[in-house]
Amino acid sequence: MSDIQELRRRARQHMEEGAVTSAYTADRETVIRILNEVLATETVCTLRYRNHYFMARGIHATGVEEEFLEHANQEQQHADMVAKRICELGGTPNLNPEGLAQRSHAQYGEGETLEEMIREDLVAERIAIATYSEIIRWLANEDPTTRRMMEELLATEEEHADDMAKLLSRVAS
Ligand SMILES: [Fe+2]
Ligand SMILES: [Fe+2]
């Protein structure tokens, strides 16, 4: 009983910190910093896919342009999820265009041809998969909510990579 009362007291004590309770054991500042890098990555991926969507129109791109647009929208959803989580942790989502490319793990590659665009996207997805996997391992059991979110992102990036690999074999052949 006293344990429950003690837990309630401590939860109230730090109420101004929102969803973060004293049971939170991860290094919060580091988690926020890492999530801001993920936010930059997702934002750069959104911009790159949108560029590819608009540029692919006109090239023999029926079916491909829709795929680019769908991915662009999903990367935007990822960015929003990450920004929301940063706020829940008491941080500030860094959406400053200055330094965006430097904070991002993946690159903004435009590509001249449809094949080059798809290759740029595939490389970026593979980078995201590698770094997100590392983040998930690092978070371990310290912050299950952030980890679950990152696992959801990772699953989508794996689908994206698979989509791009399939498109590449179609376009390149
Ligand atoms: Fe994403
Ligand atoms: Fe992706």
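Visitor: What makes Glu75, Glu125, Glu157 and His160 donors of the iron ion (ligand 2)?

Guide: The iron ion (ligand 2) is held by an OE atom of Glu75, two OE atoms of Glu125, an OE atom of Glu157 and ND1 of His160, at 2.0 to 2.4 Å. A donor is an N, O or S atom within 2.8 Å of the metal (3.2 Å for Na, K and Ca), so these atoms qualify. Water is not among the atoms, so a site may look incomplete. Please keep in mind that this is a predicted model, in which local features need pLDDT of at least 70 and side-chain atom pairs count only at pLDDT 80 or more, while totals for chains, interfaces and linings use all residues. Residues are numbered from 1 along each chain as its sequence is written, chains are lettered from A and ligands numbered from 1 in the order written, and side-chain values use heavy atoms, with hydrogens and water left out.

Visitor: How are those donor residues spaced in sequence?

Guide: The pattern for the iron ion (ligand 2) is E-x49-E-x31-E-x2-H. Glu157 and His160 sit 3 residues apart in helix α6 (residues 144-172), which is about one turn of the helix. A helix here is a DSSP run of H or I with at least four residues, a strand is a run of E with at least two, and both are numbered from the N terminus.

Visitor: Which residues serve the iron ion (ligand 1) as donors?

Guide: They are Glu42 through two OE atoms, Glu75 and Glu157 through OE, and His78 through ND1, at 2.0 to 2.5 Å. Their spacing in sequence reads E-x32-E-x2-H-x78-E. Glu75, in helix α3 (residues 64-88), and Glu157, in helix α6, are 82 residues apart, a pair that links distant parts of the chain.

Visitor: What makes Glu75 a bridge?

Guide: Glu75 coordinates both the iron ion (ligand 1) and the iron ion (ligand 2), and the two ions are 3.9 Å apart.

Visitor: Are Glu75 and Glu157 buried or exposed?

Guide: Both Glu75 and Glu157 are buried, and His160 is buried too. Buried means under 20% relative accessible area, exposed means over 50%, and partly exposed lies in between (1.4 Å probe, protein chains only). Of the 173 residues of the protein, 43% count as buried.

Visitor: Why does Asp162 count as partly exposed?

Guide: Asp162, in helix α6, has 39% relative accessibility, so it falls between the two limits. Ala140 reaches 31% and therefore gets the label partly exposed as well. Ala140 lies in the loop between α5 and α6, and its phi is near 45°, a positive value in a residue other than glycine.

Visitor: How many aromatic pairs are there, and why is the pair of Tyr49 and Phe68 called tilted?

Guide: The count comes to 2 aromatic pairs. For Tyr49 and Phe68, the ring centres are 6.3 Å apart and the planes meet at 40°, so they form a tilted pair. Rings of Phe, Tyr and Trp (its six-membered ring) pair if their centres lie within 6.5 Å; planes under 30 degrees apart are stacked, over 60 edge-to-face, and the rest tilted. Tyr49 belongs to helix α2 (residues 28-56) and Phe68 to α3, so the pair ties together parts 19 residues apart in sequence. Both Tyr49 and Phe68 are buried.

Visitor: What makes Arg48 lie over the face of Tyr49?

Guide: Arg48 is 5.0 Å from the ring centre of Tyr49. The rule asks for NZ of Lys or CZ of Arg within 6 Å of the ring centre and within 35 degrees of the ring normal.

Visitor: At what angle do the axes of α5 and α6 cross, and what is that arrangement called?

Guide: The axes of helix α5 (residues 114-139) and α6 come within 8 Å and cross at roughly 155°. That makes α5 roughly antiparallel to α6. Angles under 35 degrees count as roughly parallel, over 145 as roughly antiparallel, 65 to 115 as roughly perpendicular and the rest as oblique. Axes are lines fitted to C-alpha atoms, for helices over the stretch in contact, with angles from 0 to 180 degrees between N-to-C directions.

Visitor: What of α3 and α5?

Guide: α3 and α5 pack at about 30°, with their axes 12 Å apart. At that angle α3 is therefore roughly parallel to α5.
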